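I am opening a notebook on a structure that is new to me. I will look up charged side chains, their partners and their surroundings, and write down what I find.

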Amino acid sequence: LKPLCLSKQTFWTFLVAASMRRELVKEVYDNSESELDDEEYDWLDAWDQKTNGRRLRKKYSGAYYQFQDVNKVLHAGADGPDFDEDTRCVLTSCSKVYTGMAVMRTMHLKPDDWYPERPMHEFPGWQQWRNFHVLANEDDADSAYKIAPYITIHQLLTHTSGWPFGLNGSRNGIRQVALYFPPGKFFGYSIGHRLLGWMLLDYWRTQPEGASFGNLDDCFRYLVYEPLGLTGTSFIKGKFDRPHSVMGEFFHMEFFDREADTTDDDPADLAMYSSGADMMKTAMVALRRGQLPSGDWYITQQQWNDWAATNKLPGGKLSLALAHWKMKGYKLDFLWRTAVTRTTNAGPFGWSYFGATYHDYEGEGDAGPAIAIGWKGFSSCGLRADYQQGLAFVCMQECMTDPAGRNFGECIHKGKVGDYEIGHVARRLAELDPEEIELYKDETQEPCSCNPCHDHNVLVPDPPCAKNCIQNMLRCGYKCLLPIGVAVIDFHHREEIPDEESDEGPVQQRMGLT
């Protein structure tokens with residue numbers, strides 16, 4: 001025992017600690033009189049595979065995670081350098097959750113002006129947003145172009161507007177993009193939340209409460225940050241100033257919001273950052289179905305159940321069942337899923353005004369009631385409010401390929417950690433002493449394989465010369481490849497929208513609407 005007392009860093013100490021781990025964990029379960037075997041550790045090993053950066057060879061960006069039920073925090077932790085609940089991370093597509101919250105709050109406060117069925121063109125300043133060209137689809141008997149007379153708030157919130165997804169887009173530019181399918185018929189991950197952000201700002205600037213709003217951040221502060229008590233959430237202005245990796249250095253609004261175009265403001269669909277603490281506050285409001293910690297209501301429980309906790313897609317179907325549409329005459333197999341249809345973001349989930357809805361259902365019909373709601377962005381930050389399991393889960397990361405790494409996506413989309421329910425794992429973790437969890441991490445063997453790209457992405461003070469050279473090479477790669485990637489994802493078939501009075505006659509007459 002003398003070496004153990006002298007130094008905990010020696011090889012002998014490591015062996016002693018490793019051999020003692022099972023005994024230490026066993027003591028926790030002695031009260032239940034259950035015999036521990038290898039199967040008892042499966043759930044802990046499945047969780048360790050997501051949270052042990054040394055084991056994952058993904059040390060560079062780290063992660064924060066938390067489980068909480070309506071009474072207490074069940075388990076929370078972090079992995080990686082300088083990561084905790086206040087660490088701010090880029091949300092990318094998870095920004096849509098906050099935009100959905102802002103729209104629901106507005107519908108709650110101003111029900112005469114904002115309601116799901118209201119068309120865009122009825123809002124002041126948006127009168128021209130009507131009579132949209134719709135591209136012909138393979139399942140249409142009539143191959144001619146069609147006209148959609150309007151698009152509603154509901155369709156913008158649920159990705160059923162027919163507009164495609166895009167990274168760059170001004171108001172005038174988006175207005176000139178034809179719809180890929182008739183509004184309200186199919187699912188296609190779209191730019192609708194960006195338009196809703198601009199509509200919210202325009203509207204609230206005309207109201208006494210928002211007369212002083214200078215930008216969309218002011219609008220969200222009134223609608224979301226202050227009611228929920230958020231202190232680490234905002235829109236990114238220009239370059240994200242708190243990156244944790246070389247890749248994070250290149251998250252710049254120049255890829256998403258053209259500075260030369262002054263007709264719009266921050267992209268409300270992907271331009272926000274937040275912290276684990278703030279995301280959990282949001283997830284807990286969702287778990288409590290609209291109720292704030294004070295007991296007041298963000299929106300009424302009835303509104304929450306209808307708007308946020310119910311699948312709003314056509315026929316109550318899952319998004320995957322509504323993503324089979326295909327534009328006529330296009331043979332772009334290599335780009336089809338990513339650049340055109342965005343069906344990569346369709347899956348076994350529905351969609352509400354809050355985010356995705358998750359169901360105990362597989363198939364093409366009505367998915368039934370939602371058992372959970374949430375979403376995860378491209379940067380792998382996400383949240384889930386699970387009504388069936390009775391808890392909320394939050395994960396925060398930066399620019400990490402999630403399925404090949406921690407795979408928190410299965411926690412968000414499936415409510416599972418490997419073969420185990422997240423509720424089971426969370427409550428088991430709550431029973432363990434943190435030191436015992438760390439002992440388990442220390443015992444696991446680091447893989448022999450090397451992942452230099454991930455390891456050299458980490459931002460460290462005064463990096464060695466070799467590491468600095470490699471990071472500069474990565475910076476050159478990102479600088480060259482990111483604009484190309486943005487251009488590919490920004491690919492769309494565009495058509496100039498004709499005036500309502502054209503050589504062919506009024507739009508309404510051509511469509512048989514008069």
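The entries below follow the charged pairs and then some single residues.

**Entry 1: what I am reading.** I note at the outset that this is a predicted model, and I keep that in mind for each entry that follows.

**Entry 2: salt bridges overall.** How many salt bridges does a search of the whole structure find? I looked this up before turning to single pairs, and the search gives 15 salt bridges. As background, I remind myself that side chains of opposite charge can pair when their charged atoms come close.

**Entry 3: helix α9.** I next asked which residues are linked in a network of salt bridges with Arg-221. The network joins Asp-217, Asp-218 and Arg-221. Between Asp-218 and Arg-221 the N to O distance is 2.9 Å, while for Asp-217 and Arg-221 the closest N and O atoms are 3.7 Å apart. Asp-217 and Arg-221 both belong to helix α9, which covers residues 216–228, and they sit four residues apart, about one turn of the helix. Asp-218 and Arg-221 are three residues apart in α9, so about one helical turn separates them as well. I add the general reason for this spacing: an α-helix has 3.6 residues a turn, so residues three or four places apart point the same way.

I then checked how far these residues are covered. Asp-217 has a relative accessible area of 7% and is therefore buried, as the limit for buried is under 20%. Asp-218, at 23%, is partly exposed, and Arg-221 is also partly exposed, at 32% relative accessibility.

**Entry 4: helix α10.** Here I found a salt bridge between Lys-281 and Asp-278, with the closest N and O atoms 4.0 Å apart. Both residues lie in helix α10 (residues 276–287), three residues apart, which is about one turn of the helix. Is Asp-278 buried or exposed? With a relative accessible area of 1%, Asp-278 is buried, whereas Lys-281, at 33%, is partly exposed.

**Entry 5: the loop after α10.** I looked up Tyr-298 and found it in the loop between α10 and α11, the latter being residues 301–308. Its relative accessible area is 0%, so Tyr-298 counts as buried. From Tyr-298 to Ala-286 the sequence separation is 12 residues, and the C-alpha atoms are 10.0 Å apart in space.

**Entry 6: strand β2 and the loop that follows.** Asp-79 has its place in strand β2, and I read it as buried because its relative accessibility is 13%. What does the side chain of Asp-79 contact? I found a polar contact with the side chain of Arg-406, at 2.9 Å. Asp-86 is in the loop between β2 (73–79) and β3 (88–90). Together with Asp-82, Asp-84 and Glu-85, Asp-86 forms a negative surface patch.

**Entry 7: helix α15.** My last search was for the start of this helix, where Asp-433 caps the N-terminal end, with a side-chain oxygen 2.8 Å from the backbone nitrogen of Glu-435. The helix runs over residues 434–443, and its buried residues are Glu-436, Ile-437, Leu-439, Tyr-440 and Lys-441.

Methods: Residues are numbered from 1 along each chain as its sequence is written. This is a predicted model: local features need pLDDT of at least 70, side-chain atom pairs count only at pLDDT 80 or more; totals for chains, interfaces and linings use all residues. Side-chain values use heavy atoms; hydrogens and water are left out. Patches are made of residues with over 30% relative accessible area and no salt bridge: like charges are joined within 9 Å, nonpolar side chains (Val, Leu, Ile, Met, Phe, Trp, Tyr) within 5 Å. Accessible areas come from the Shrake-Rupley method with a 1.4 Å probe; for residues, only the protein chains shown count as cover. A salt bridge is a side-chain nitrogen of Lys or Arg within 4 Å of a carboxyl oxygen of Asp or Glu. Lys and Arg count as positive and Asp and Glu as negative; His and the chain ends are not counted. The place of a charge is taken as NZ of Lys, CZ of Arg, CG of Asp or CD of Glu. Helices (H or I, at least four residues) and strands (E, at least two) are DSSP runs, numbered from the N terminus. Buried means under 20% relative accessible area, exposed over 50%, partly exposed in between (1.4 Å probe, protein chains only). A polar contact is a pair of N or O atoms within 3.5 Å; within protein, one must be able to donate a hydrogen and the other to accept it, and residues adjacent in sequence count only if both atoms are side-chain atoms.
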